[in-house]
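These are my notebook entries on a few things I looked up, beginning with how the strands line up and going on to the aromatic rings.

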Amino acid sequence: MQTEVFVVDRVVTSPGKGRAFVGAYLAGYAPGARSRGMVLDRILVSPPIWRDDEGNTVTATWRLDGVSAWWDMTRAGRGDPALRDWWDGVAPMIAERSRSMAAAAADVDGLCDL
């Protein structure tokens with residue numbers, strides 16, 4: 001069985017922009033992510049309410065089929081100006097953002113032994 005690698009995008013939206021950011025992410029970012037081999041696992045929104053006076057933390061978790069798929073996705077995204085342009089276009093909706101990679105705890109030893 002292939003070890004899954006997870007890509008976790010965490011975005012803190014500007015006040016009142018949570019719903020718009022999620023819509024833009026699903027419409028504008030997700031199709032390209034899928035074409036790079038990513039499978040959307042879930043999007044979580046905290047707090048679980050849209051408010052005009054505060055932002056939301058949006059956490060999108062994507063699955064990839066192993067380290068090779070992660071490298072393929074990474075290479076495809078780095079050279080894609082449309083991806084950079086998309087992030088630049090939604091920048092006014094974002095207070096901060098980060099990306100991390102993860103795996104299930106039971107899989108980490110196997111990932112270390114490559």
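I looked up the bridge partner of V39 and found that V39 stands opposite R63 in β3; I keep in mind throughout that this is a predicted model. Strand β2, residues 39-46, pairs with β3 in the antiparallel sense over 7 bridges.

On the pairing of β3 with β1, I noted that strand β1, residues 5-13, is also antiparallel to β3, with 8 bridges between them, and that D9 has A60 as its bridge partner in β3. I then checked how covered β3 itself is, and 6 of the 8 residues in this strand, which spans residues 57-64, are buried.

Next I turned to the rings, where a search of the whole structure gives 12 aromatic pairs. I looked at Y29 and W86, which form a tilted pair with 5.7 Å from centre to centre and 50° between the planes. Because Y29 lies in helix α1 (residues 18-35) and W86 in helix α3 (residues 81-90), this pair ties together parts that are 57 residues apart in sequence. Y29 is buried at a relative accessible area of 3%, and W86 also counts as buried, at 16% relative accessibility.

Following the ring pairs further, I found that they link F21, Y25, Y29, W62, W86 and W87 into a cluster. I also recorded that the charged end of R97 sits over the ring of W87, 3.9 Å from its centre.

Last, I looked up C112, which lies in helix α4, residues 108-112, and is exposed with a relative accessible area of 64%. From C112 to G79 I noted 27 Å between the C-alpha atoms, with the two positions 33 residues apart in sequence numbering.

How values were computed:
Residues numbered from 1 in each chain as written. Predicted model: local features only at pLDDT ≥ 70, side-chain atom pairs only at ≥ 80, totals over all residues. Heavy atoms only, no water. Helix = DSSP H or I, 4+ residues; strand = E, 2+ residues; numbered from the N terminus. Buried < 20%, exposed > 50% of the residue type's maximum accessible area, 1.4 Å probe, protein only. Pairing = 2+ DSSP bridges. Phe/Tyr/Trp six-rings, centres within 6.5 Å; stacked < 30°, edge-to-face > 60°. Lys NZ or Arg CZ within 6 Å of the ring centre and 35° of its normal.
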